[in-house]
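Grab a pencil and open the viewer beside this page. Each exercise below sets a task, and the solution then walks through it step by step.

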Amino acid sequence: MRVLGIDPGLTRCGVGVVDGEVGRPLRLVDVNVLRTSSTEPVAIRLVTIERGVDAWLDEYRPDAVAVERVFARSDVSTVMGTAQASGIAMVCAARRGLPVALHTPSEVKAAVSGSGRADKAQVGAMVTRILRLDAPPRPADAADALALAITHIWRGGAQARLDAALTTSLTTSMATGPTARRTNPTGGHP
């Protein structure tokens with residue numbers, strides 16, 4: 001499975017691609033940060049992020065996109081910019097029919113470090129260890145994007161398979177269950 005992790009932000013939007021599956025070593029494909037200038041109008045900044053995310057989707061063709069779920073902070077302007085960048089990332093993925101998963105910061109921290117209260121340095125250190133890198137990705141937004149991709153492979157991918165199996169099971173039982181309408185080989189109804 002190939003996952004594009006996106007740590008949304010209006011000034012710095014982390015993007016990272018990871019290949020792998022549960023129970024096997026994961027592999028870094030690429031990581032970077034899309035940057036916009038705070039002196040530009042918000043609409044132009046969002047177009048810049050959209051173009052950047054589109055370029056990553058076109059180049060790396062992920063199977064899924066994992067985006068950090070926006071949560072309330074004390075600084076409303078930061079939340080607004082993060083939410084706007086997050087929406088752009090989800091729209092870019094949805095246009096391509098890609099599944100989008102939202103993971104909370106504490107879920108990501110717990111997945112990669114074992115503690116939902118891990119700090120940025122701990123997350124960066126664990127991403128470095130998990131992906132067998134020489135140094136933590138910089139800035140922290142890049143490491144966070146990779147942590148999102150790792151979390152999705154470890155948790156989201158398994159959850160998606162469980163959801164698909166449940167849906168298949170329910171669909172099959174509805175089609176073959178006691179209330180399902182069946183026809184006999186002669187074309188009549190039983």
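**Exercise 1. Find helix H3 and helix H4, and work out how the two are oriented to each other.**

Solution. Keep in mind that you are looking at a predicted model.

Step 1: Locate the helices. H3 covers residues 105-113, and H4 covers residues 120-130.

Step 2: Read off the geometry. Two packed helices are described by the angle between their axes and the distance between the axes. For H3 and H4 the angle is about 50°, and the axes are 9 Å apart.

Step 3: Classify the angle. Angles under 35 degrees count as roughly parallel, and 65 to 115 as roughly perpendicular. H3 and H4 are therefore oblique to each other.

Step 4: Add the handedness. H3 and H4 cross in a left-handed way.

Step 5: List the residues that touch. H3 contributes Lys-109, Val-112 and Ser-113, while H4 contributes Val-123, Met-126 and Ile-130. Sorted by type, the residues of this contact are 4 nonpolar, 1 polar and 1 charged.

**Exercise 2. Now do the same for H1 and helix H2.**

Solution.

Step 1: Locate the helices. H1 spans residues 42-60, and H2 spans residues 76-95.

Step 2: Read off the geometry. The axes of H1 and H2 come within 9 Å and cross at roughly 40°. That angle makes H1 oblique to H2.

Step 3: Add the handedness. Here the crossing of H1 and H2 is right-handed.

Step 4: List the residues that touch. From H1 come Val-42, Leu-46, Ile-49, Glu-50, Val-53, Asp-54 and Leu-57. From H2 come Gln-84, Ala-85, Ile-88, Ala-89, Cys-92, Ala-93 and Arg-95. The residues of the contact of H1 with H2 divide into 10 nonpolar, 1 polar and 3 charged.

Step 5: Zoom in on one residue. Ile-88 lies in helix H2. Leaving aside residues up to four places away in sequence, Ile-88 touches Leu-46, Ile-49 and Glu-50. You can also compare Ile-88 with Val-47: they are 41 residues apart along the chain, and their C-alpha atoms are separated by 8.5 Å.

**Exercise 3. Describe the aromatic pair in the structure.**

Solution.

Step 1: Count. The structure holds 1 aromatic pair.

Step 2: Describe the rings. The ring centres of Trp-56 and Tyr-60 are 5.0 Å apart and the planes are at 45°, so the pair is tilted.

Step 3: Place the residues. Both Trp-56 and Tyr-60 lie in helix H1, 4 residues apart, which is about one turn of the helix.

Step 4: Are the two residues buried or exposed? Buried means under 20% relative accessible area. Trp-56 has 9%, so Trp-56 is buried. Tyr-60 has 12%, so Tyr-60 is buried too.

**Exercise 4. Look for unusual backbone spots at Arg-61, Arg-132 and Pro-139.**

Solution.

Step 1: Check Arg-61. Its phi is near 45°, a positive value in a residue other than glycine. Arg-61 sits in the loop between H1 and strand E4 (64-68). With 63% relative accessibility, Arg-61 counts as exposed.

Step 2: Check Arg-132. Arg-132 is not a glycine, yet its phi is positive, about 55°. Arg-132 is in the loop between H4 and H5. The relative accessible area of Arg-132 is 52%, so this residue is exposed.

Step 3: Check the proline. The peptide bond from Arg-138 to Pro-139 is cis, with omega near -5°. Pro-139 lies in the loop between H4 and helix H5 (140-176).

**Exercise 5. Where is Cys-13, and what does it touch?**

Solution.

Step 1: Place Cys-13. You will find Cys-13 in strand E2 (residues 12-19).

Step 2: Judge the accessibility. The value for Cys-13 is 0%, so Cys-13 counts as buried.

Step 3: List the neighbours. Not counting residues up to four places away in sequence, Cys-13 touches Ile-6, Asp-7, Pro-8, Asn-32, Val-33, Leu-34 and Ile-49. Cys-13 and Leu-34 are 21 residues apart in sequence and 5.0 Å apart in space, C-alpha to C-alpha.

**Exercise 6. Step back and describe the whole protein.**

Solution.

Step 1: Count the elements. There are 5 helices and 5 strands.

Step 2: Write their order. Along the sequence the pattern is β-β-β-α-β-α-β-α-α-α.

Step 3: Note the burial. Of the 190 residues in the protein, 40% are buried.

Step 4: Look at the contacts. Among contacts between residues at least 6 apart in sequence, 61% join residues at least 24 apart.

Notes. Residues are numbered from 1 along each chain as its sequence is written. This is a predicted model: local features need pLDDT of at least 70, side-chain atom pairs count only at pLDDT 80 or more; totals for chains, interfaces and linings use all residues. Side-chain values use heavy atoms; hydrogens and water are left out. Axes are lines fitted to C-alpha atoms, for helices over the stretch in contact, and angles run from 0 to 180 degrees between N-to-C directions. Angles under 35 degrees count as roughly parallel, over 145 as roughly antiparallel, 65 to 115 as roughly perpendicular and the rest as oblique. A crossing is left-handed if the near helix is turned anticlockwise from the far one by less than a right angle, and right-handed if clockwise. Contact means heavy atoms within 4.5 Å. Ala, Val, Leu, Ile, Met, Phe, Trp, Tyr, Cys and Pro count as nonpolar, Asp, Glu, Lys and Arg as charged, and the others, Gly among them, as polar. Rings of Phe, Tyr and Trp (its six-membered ring) pair if their centres lie within 6.5 Å; planes under 30 degrees apart count as stacked, over 60 as edge-to-face and the rest as tilted. Buried means under 20% relative accessible area, exposed over 50%, partly exposed in between (1.4 Å probe, protein chains only).
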